[in-house]
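Q: Could you walk me through this structure? I'm new to this, so plain words please.

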Amino acid sequence: MHQVFHKIEVHFLLELAVCIVGYCNLMLPDDYEKTMRPSFSSNESDVVKIGLYIYKIGPVSETSMSMTTDVYFRQLWNDPRLKRVTENFLKDTSMNKGLDEVNIKGNYKEDIWKPNIYVVDSLQESSPYEISNSDLLMLSKDATLTSSKRVILTTRCPMYLFYFPLDSQRCKICFQSYEYSDNLQRIEWDLDILTLGKDLKSTATFNIDRNLKKSTTVEAWPRGNFTKLCVEITFNRKFPLYIVTMFLPSIALVVLSWVSFWIDKSAVPARAGLTITTILAQITLITGIANKFPGVADLKLGDVYMIVNFFFVFGSLIEFAIVNNTKKKTCEVHLSQKSYLSENIAIAHQYNTGIWFRCKKYWCNDRDLDNVSKILFPSAFLVWNILFVLVGLSITNFRKVE
């Protein structure tokens with residue numbers, strides 16, 4: 001144990017000595033100007049490579065149309081003005097012999113030119129807000145500078161929510177040079193550093209597609225052409241979550257409303273109470289989902305499903321009203337117009353379940369409508385759900401192909 005602490009102490013002292021010696025020997029040239037880009041004198045375009053390691057994602061908000069990411073942002077460029085300085089520092093200093101690069105610390109970072117790169121469509125960045133103000137700056141033998149910083153970004157993410165909850169969303173993080181056009185400074189991807197975190201697979205409501213799509217576009221502005229680098233992240237919504245919270249409760253209420261078809265029509269309070277209760281419960285469910293899930297003005301596929309289910313529940317109440325009204329009219333005709341019935345009735349018979357009769361132009365039975373509804377409502381609801389599932393599968397397949 002004593003040897004371990006001794007090694008740690010020696011390592012700390014050597015590292016401290018390297019920093020001190022580095023500060024003493026890493027002296028910038030007298031003609032070095034941090035406000036001038038590296039290739040200013042040669043009139044050539046500087047190349048800045050950008051890397052991005054996405055450490056965390058979330059939240060992804062449908063309400064604010066935004067995405068928050070925790071990333072390591074890396075920039076790499078060459079400054080030939082520092083080549084002679086780095087060679088002297090890394091070779092001639094005995095304590096730094098064998099090192100390929102040195103960590104520039106303290107105020108020395110402020111004396112070196114850095115690219116002015118900004119995040120397009122950024123809503124908020126963690127402090128400090130200037131992404132080019134790096135936390136880590138490394139200088140290698142060939143005068144290549146590597147800047148790295150961890151930053152939390154909140155960027156705008158336009159979403160199309162019509163297919164909710166079967167939708168997938170695509171959010172982009174884009175970078176662009178603010179000060180220099182492509183004639184003076186070009187930016188390009190560093191493909192070695194463009195990846196998601198190893199354990200980054202999902203958020204609270206989305207599964208993350210680990211295949212990042214990178215793109216490079218050139219935008220024309222009055223000051224010249226500016227290259228924009230974008231990386232696109234695809235989010236596939238977790239559909240099973242909404243089966244439990246949205247679809248199953250709505251289906252249960254629709255099925256519950258059919259129980260009234262098996263209740264005798266004379267039990268008016270029971271049938272009316274059941275149908276009205278299911279309607280109110282369906283309305284409460286729709287309202288609760290609207291408050292819990294994406295609160296946007298767009299019409300969503302989930303809203304269509306809930307509205308159609310509401311009309312199925314409401315239809316059971318209309319069916320009861322028709323049956324109750326038909327029964328009264330049938331009794332009135334049977335009791336008060338016997339002479340009319342004797343002339344027009346083709347068949348008449350007394351059943352234990354009620355009285356039915358067939359006329360020349362119409363056929364009426366006090367239980368026929370309920371019997372038809374027992375078959376019609378479930379069949380129509382089954383067809384509707386099959387159509388909805390087929391539409392959902394087609395959307396899912398289209399999303400995979402796209």
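**Cores, disulfides, sheet and helix**

A: Sure, starting with the inside: the largest nonpolar core has 43 residues, and Leu52, Ile57, Met67, Phe175 and Phe235 have the most contacts inside it. A nonpolar core here is a set of buried Ala, Val, Leu, Ile, Met, Phe, Trp, Tyr and Cys residues joined through side-chain atoms within 4.5 Å. Buried means under 20% relative accessible area, exposed over 50%, and partly exposed in between, with a 1.4 Å probe and protein chains only.

Q: Which strand gives the largest share of this core?
A: Strand 1 (residues 46-61), with six residues. Helices (H or I, at least four residues) and strands (E, at least two) are DSSP runs, numbered from the N terminus. Apart from that core lies another one of 24 residues, among them Leu253, Leu285, Leu301 and Tyr305.

Q: Before we go on, what kind of model is this?
A: It's a predicted model: local features need pLDDT of at least 70, side-chain atom pairs count only at pLDDT 80 or more, and totals for chains, interfaces and linings use all residues. Residues are numbered from 1 along each chain as its sequence is written, and side-chain values use heavy atoms, leaving out hydrogens and water.

Q: OK, new topic. How many disulfides are there?
A: A search of the whole structure finds two, counting a pair of cysteine sulfur atoms within 2.5 Å as a disulfide. One joins Cys157 to Cys171, with 1.9 Å from S to S. Cys157 is in the loop between strand 7 (144-156) and strand 8, and Cys171 is in strand 8, so the pair ties together parts 14 residues apart in sequence.

Q: Is that one left-handed or right-handed, and why?
A: Left-handed, because the torsion about its S-S bond is about -75 degrees.

Q: And what does the other one join?
A: Cys174 to Cys230, at 2.0 Å from S to S. This link is right-handed, with 110 degrees about the S-S bond. Both Cys174 and Cys230 are buried.

Q: Strand 8 pairs with strand 11, so how many bridges join them?
A: Nine, and the two strands run antiparallel. Strands count as paired if DSSP finds at least two bridges between them. They belong to an open sheet of four strands, in the order 4-8-11-10. Its edge strands are strand 4 (117-120) and strand 10 (206-221).

Q: Last thing: how far does helix 4 reach?
A: Helix 4 (residues 268-292) reaches 36 Å from its first C-alpha to its last, close to the 36 Å expected. The expected span is 1.5 Å times one less than the number of residues. Its buried residues include Leu274, Thr278 and Leu285.
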